[in-house]
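Here is a briefing on one protein model, arranged by topic. Keep the structure open while reading.

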Amino acid sequence: MKTYFRRALPLLLAVLPLTQQAVELPDIISDNAVLQQQSDAKLWGWSTPGRVVTITPSWGGSYQATADSKSGRWEVKVKTPSATFEPQSIVFADGVKDVTIGNVLIGEVWFCSGQSNMEMPLRGYWCQPVEGAAQAVAYSGKYPGIRVATVPKLASYTPEERVEGKWKESLPKNAPEFSALAYFFARSLTDMLDVPVGIISCAYGGSKVEGWMPKWKLDEYPGWDVDKEKSTPDSVLHEWERINVMYNAMLHPIIGYTVKGFLWNQGESNVGRHKEYPAHQRDMVQIWRDEWGQGELPFYFVELPGWKYGGAEDVEAALFRECQHKAAEITPNSGVVCTTDLVYPYELEDIHARKKQEIGERLAFMAAARTYGVEGVAHTYPSYKSVDLLGDKATLHFNNADAGLNPNMNLQGFEVAGEDMIFYPATATEDWNARTVTVCSDKVKDIKAVRYCFNNFAIGTLKDMNGMPLIPFRTDDWDDARHSSME
């Protein structure tokens, strides 16, 4: 069993005498980078221990940092100007050999992480395309202000200091490898704000939320044992299933690169653990915020997509979506975008839904409204408020529906149950004036509970006037409820 694994070769300088070591920069500080505007942007690197490094940005000012007496690492914070599409440069000098990075833009930087639905590139996966990808790639050169740095998939039980992942420009030759969701987010955001947008894509398909957390926190959780996993054979526990290792190998080396916020698309690998997940995600977010040291950075994430998860009519995924919204409630400055309407019926067995553009746009809408204060941008979703149980009927009331709900729709996805806790499909009728929905079923004479899109695979049709879908819900707390076999 390998207790330490890392496929990428470390970035090493040619062998030089210790007193003549030149400045070295991490990949994340490279040509084509985007630095967060109007910030104290953190820069770092390595040089001869004890040597003074002078950092000179083209927009003015000069900064100095002293390399650590043992590791040779240095870091500095550089004040950045307002966003600009005009290329900038930064010179790093330590008296041995100057290093210059160029074509640097000043704009907005977002850290994008999670598992495969965040990792999924514009080119798609095998037999799993991204809708609109050909057009996005073809026209990617129209967005020179978008830059993407992609961290390779790695794993380690030891916190690493270096990782590959240089910045790349938005061009047809580069765009196919960009995270599709993150690219569509960046494109939408730059359209709204008219500023450069930098994306750090740091995702690993199949990873659990616990894979992105440090060992000291995982040791506090019952049933999670990093030391035990270290001794588990690879044939029993694959790399992507392990905990702590993504945090060490992929995230730790770039912690602190100044960003505006975090985007997160993850959860499939935690389905079935919905009771503990909200607290774990909240803890992860707090740890990241603490380690970045930029205060309460926004954290926006994506609702779990529809998939069979063992059975389309089962509810494990629905329970997980419910817990995601609970996670948003207990995590300050966070929000979740609803996606129940963004799957096709034939994607029952495809966990990588192709509608990444709409998800990226909804994340951008949330960021525009909540982080950048752009008024009028749709970013909230209708949600369950209360129910009136009226015998063989039930009338539902909603939050965020003051402007009304979409009329003339075939409202699917509603179910009702009586005392026996067996759910049957329900007919739903909308009262446009009251902004309510009334449901009924000839199988249930005395309704005690209502559910909407509360199973593993369900496509939501009820939306507000901006096209924002109703968040899946249940009015009950029955963990042992079941679906009728009578359809």
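The points below cover cores, aromatic rings, cysteines, strands and backbone angles.

The model is predicted. Its largest nonpolar core has 74 residues. The count of aromatic pairs comes to 24. A search of the whole structure finds zero disulfides.

**Nonpolar cores**

- In soluble globular proteins, nonpolar side chains tend to be buried together.
- Within the 74-residue core, the residues with the most contacts are Ile55, Trp74, Phe92, Phe111, Trp212, Tyr257 and Trp288.
- Another core, of 41 residues, lies apart from that one; Leu122, Ala180, Leu342 and Ile471 are among its members.
- What does isoleucine 55 contact, leaving aside its neighbours within four places in sequence? Its partners include Leu43, Tyr63, Trp74, Val76, Val78, Ile90, Val91 and Phe92. Gly61, Ser62 and Ala65 are also in contact with isoleucine 55.

**Aromatic pairs and clusters**

- A pair of aromatic rings is described by the distance of the centres and the angle of the planes.
- The model has 24 aromatic pairs. One of them joins tryptophan 74 and phenylalanine 92, with 5.9 Å centre to centre and 40 degrees between the planes, a tilted arrangement.
- Tryptophan 74 belongs to strand β5 (residues 73–79) and phenylalanine 92 to strand β6 (residues 84–93), so their pair ties together parts that are 18 residues apart in sequence.
- Both tryptophan 74 and phenylalanine 92 are buried.
- Tryptophan 288 and tryptophan 292 also form a tilted pair, because their ring centres are 6.4 Å apart and their planes lie at 45 degrees.
- Helix α7 (residues 277–292) holds both tryptophan 288 and tryptophan 292. The two are four residues apart, about one turn of the helix.
- Are these two tryptophans buried or exposed? Tryptophan 288 counts as buried at 0% relative accessibility. Tryptophan 292 is buried too, with a relative accessible area of 5%.
- One aromatic cluster is formed by Phe111, Phe262, Trp264, Trp288, Trp292, Phe299 and Phe301.

**Charges over rings**

- Lysine 153 places its charged end over the ring of tyrosine 204, 5.3 Å from the ring centre.
- Arginine 162 lies over the face of tryptophan 46, at 3.8 Å from the ring centre.

**Cysteines**

- How many disulfides does the search of the whole structure find? The result is zero.
- Why does cysteine 323 have no bond? The closest cysteine sulfur, in cysteine 338, is 14 Å from the sulfur of cysteine 323, too far for a bond.
- Cysteine 323 is buried, with a relative accessible area of 3%.
- For cysteine 440, the closest cysteine sulfur is in cysteine 453, 18 Å away and too far for a bond.
- Cysteine 440 is partly exposed, at a relative accessible area of 27%.

**Sheet and hairpin**

- Strands of a sheet pair through backbone hydrogen bonds, either parallel or antiparallel.
- An open sheet of five strands has the order β21-β20-β16-β17-β22, with mixed pairing.
- Its edge strands, β21 (473–474) and β22 (482–483), each pair on one side only.
- Strand β17 (residues 422–425) runs parallel to β22, and two bridges join them. Phenylalanine 423 has histidine 483 in β22 as its bridge partner.
- Strand β14 (residues 383–390) and strand β15 (residues 393–399) run antiparallel, joined by seven bridges. Leucine 390 has lysine 393 in β15 as its bridge partner.
- The hairpin of β14 and β15 has two residues between the strands. There, glycine 391 takes a positive phi near 70 degrees.

**Positive phi outside glycine**

- Most residues other than glycine have a negative phi.
- Cysteine 127 is not a glycine, yet its phi is positive, about 60 degrees. Cysteine 127 sits in the loop between α1 (116–119) and α2 (133–138). Its relative accessible area is 62%, so cysteine 127 is exposed.
- Methionine 421 also has a positive phi, near 60 degrees. Its place is in the loop between β16 (414–417) and β17.

**A buried asparagine**

- Asparagine 32 is in the segment before β1 (34–36). With a relative accessible area of 15%, asparagine 32 is buried.
- Leaving aside its neighbours within four places in sequence, asparagine 32 is in contact with Gly102, Asn103, Arg147, Trp167 and Glu169.

Methods: Residues are numbered from 1 along each chain as its sequence is written. This is a predicted model: local features need pLDDT of at least 70, side-chain atom pairs count only at pLDDT 80 or more; totals for chains, interfaces and linings use all residues. Side-chain values use heavy atoms; hydrogens and water are left out. A nonpolar core is a set of buried Ala, Val, Leu, Ile, Met, Phe, Trp, Tyr and Cys residues joined through side-chain atoms within 4.5 Å. Buried means under 20% relative accessible area, exposed over 50%, partly exposed in between (1.4 Å probe, protein chains only). Contact means heavy atoms within 4.5 Å. Rings of Phe, Tyr and Trp (its six-membered ring) pair if their centres lie within 6.5 Å; planes under 30 degrees apart count as stacked, over 60 as edge-to-face and the rest as tilted. A charge sits over a ring if NZ of Lys or CZ of Arg is within 6 Å of the ring centre and within 35 degrees of the ring normal. A disulfide is a pair of cysteine sulfur atoms within 2.5 Å. Two strands pair if DSSP finds at least two bridges between them.
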